[in-house]
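Got your viewer open? Load the model below, switch to cartoon view, and keep the selection box handy.

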Amino acid sequence: NVPDNIKAELRNYQETGYSWLVQNINAGFGSILADDMGLGKTLQVLTAIQYLKQEGYLEKEHVLVIAPTSLLTNWQEEIRKFTPDLTSYIFHGTARRFTKKKYDVYLTSYGVIRSDINKFKKQKWFLCVVDEAQNIKNPNTKQTKAIKSINARHKLAMSGTPVENRMSEYWSIFDFTNKGYLSSLKNFRKNYIIP
């Protein structure tokens, strides 16, 4: 069931998406939410995070959302609008630091993750959400390697375009959400990409 304190009416497919995300988290399986743009992926993810808070999962560990810089305030506004029970903090700008006060959701950008990866690796996260997951499509970049090194129990990728040009991009996103599920890139290339 959708948590009572969601300030939105979820459409049928959004309810299905939300319950699928929760089911995967409970099963220890990562998710790629790949609805087209404009279909409300953020609302589905926030509903799942609200469920996690309601169930007490966020008392000791928190949620990290990595998104393009231009979307950070969007995320915070949607949290305030749809899930006002959730507290959030934007970890960005020149004076960025983790404060003693704890928040349910920490929002940061790809650029900050690249430069501050050691600060993020020291934390244990309950859930790491990567928005616009095509930003980790290249498995060899410093950015992708940094994000994949974050210590999170559960992982979730959001993308309107999970496969833009190559099958290896899909492998890279899956390597984040469910490491080893699609085998190594070498094997995946041999068994799927080349054929």
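What follows is a short tour, from the sheet to the helices on it, then to one side chain and a helix pair.

Before you start clicking, keep in mind that this is a predicted model.

**Stop 1: the sheet.** Color the strands. You should find an open sheet of six, paired in parallel and ordered β1-β6-β5-β2-β4-β3. Now pick out residues 31–33 and 88–90: these are β1 and β3, the edge strands. Each has a single partner strand, so one of its sides has no neighbour in the sheet. Turn the view to look along the sheet and you can follow the twist: ignoring direction, neighbouring strands are turned against each other by 20° on average.

**Stop 2: one strand pair.** Select 62–67 and 105–109. These are β2 and β4, and five bridges join them in the parallel sense. To put your finger on one position, click V63 in β2; V105 of β4 is its bridge partner.

**Stop 3: helices on the sheet.** Add residues 12–27, which form α1. Helix α1 packs on the sheet and touches β1, β5 (125–130) and β6 (152–158). Compare its direction with that of β1: the two make an angle of about 165°. Next, bring up 110–121. This is α4, lying across β2, β4 and β5 and running at about 125° to β4.

**Stop 4: one side chain in α4.** Stay with that helix and show I113, which is part of α4. Is I113 buried or exposed? Its relative accessible area is 0%, so it counts as buried. Show what surrounds I113: leaving out residues up to four places away in sequence, it touches L64, I66, T108, F120, A146, I147 and I150. Pick the last of these for a distance check. I150 is 37 residues from I113 along the chain, and their C-alpha atoms are 9.5 Å apart.

**Stop 5: a helix pair.** Finally, select 167–177 and 185–193, helices α6 and α7. Their axes come within 11 Å and cross at roughly 140°, so the two helices are oblique to each other. The crossing is right-handed. Turn on side chains to find the contact: α6 brings M167, S168 and W171, while α7 brings L185, F188 and I193. What kinds of residues make up this contact of α6 with α7? Five are nonpolar, one is polar and none is charged.

Note on methods. Residues are numbered from 1 along each chain as its sequence is written. This is a predicted model: local features need pLDDT of at least 70, side-chain atom pairs count only at pLDDT 80 or more; totals for chains, interfaces and linings use all residues. Side-chain values use heavy atoms; hydrogens and water are left out. Axes are lines fitted to C-alpha atoms, for helices over the stretch in contact, and angles run from 0 to 180 degrees between N-to-C directions. Helices (H or I, at least four residues) and strands (E, at least two) are DSSP runs, numbered from the N terminus. Angles under 35 degrees count as roughly parallel, over 145 as roughly antiparallel, 65 to 115 as roughly perpendicular and the rest as oblique. A crossing is left-handed if the near helix is turned anticlockwise from the far one by less than a right angle, and right-handed if clockwise. Contact means heavy atoms within 4.5 Å. Ala, Val, Leu, Ile, Met, Phe, Trp, Tyr, Cys and Pro count as nonpolar, Asp, Glu, Lys and Arg as charged, and the others, Gly among them, as polar. Two strands pair if DSSP finds at least two bridges between them. Buried means under 20% relative accessible area, exposed over 50%, partly exposed in between (1.4 Å probe, protein chains only).
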